[in-house]
Amino acid sequence: MLVTLPKNVCEECRKREATLLCDFIVGHNIDLVGKGKVGITTCDKKLCEKCARKVNTRDYCKEHFQKLKYEVI
Ligand SMILES: [Zn+2]
Ligand SMILES: [Zn+2]
């Protein structure tokens with residue numbers, strides 16, 4: 001049987017195809033984008049729809065969803 005693996009494999013389950021990226025902001029890059037502009041760096045962990053935790057309109061990986069909870073409380 002031929003198994004075709006998805007091109008973007010979810011980094012959490014490593015089974016399903018990743019269609020989402022973690023939107024957790026891990027830092028700001030001021031210098032890289034140019035003067036006066038602030039670039040936002042997000043985690044960008046590849047996630048499938050089952051592994052991503054949706055908060056409002058953003059998606060988060062397991063690790064960052066936990067962090068988010070602590071920050072809110
Ligand atoms: Zn997954
Ligand atoms: Zn993340």
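Where does Asn56 lie? In this predicted model, Asn56 sits in the loop between β5 (53-55) and β6 (58-60). The backbone there has a notable feature: Asn56 is not a glycine, yet has a positive phi of about 55°. Most residues other than glycine have a negative phi. Asn56 has 6 other C-beta atoms within 10 Å, and because a residue with 12 or fewer is classed as exposed, Asn56 is exposed.

A second residue with a positive phi is Asp44. Its phi is about 60°, although Asp44 is not a glycine either. Asp44 is placed in the loop between β3 (39-42) and β4 (46-47). Is Asp44 exposed, or partly exposed? The count is 13 C-beta neighbours inside 10 Å, so Asp44 is partly exposed. The cut-offs explain this, because exposed residues have 12 or fewer such neighbours and buried residues have 20 or more.

These loops belong to a chain with six strands and one helix. The order from the N terminus on is β-β-β-β-β-β-α. The protein chain has 73 residues, and buried residues make up 19% of them. Contacts across the sequence were also examined. Among contacts between residues at least 6 apart in sequence, 47% join residues at least 24 apart.

Which residues form the largest nonpolar core? This core has 10 residues. The cysteines in it are Cys10, Cys22, Cys48, Cys51 and Cys61. Ala18, Phe24, Leu47, Ala52 and Tyr60 complete the set. In soluble globular proteins, nonpolar side chains tend to be buried together.

Ala52, one of the core residues, has contacts beyond its sequence neighbours. Leaving aside residues up to four places away in sequence, Ala52 touches Leu20, Leu47, Asp59 and Tyr60. Of these partners, Leu47 and Tyr60 are also listed in the core.

The loop between β4 and β5 holds Glu49. This residue has 13 C-beta neighbours inside 10 Å and so counts as partly exposed. Which residues does Glu49 touch, not counting those up to four places away in sequence? The partners are Thr19 and Leu20. Thr19 is 30 residues from Glu49 along the chain, and the C-alpha atoms of the two are separated by 6.7 Å. Leu20 is a partner of Glu49 and also of Ala52.

Notes. Residues numbered from 1 in each chain as written. Chains lettered and ligands numbered in written order. Predicted model: local features only at pLDDT ≥ 70, side-chain atom pairs only at ≥ 80, totals over all residues. Helix = DSSP H or I, 4+ residues; strand = E, 2+ residues; numbered from the N terminus. Core = buried A, V, L, I, M, F, W, Y, C linked by C-beta atoms within 7 Å. Contact = placed C-beta atoms within 7 Å.
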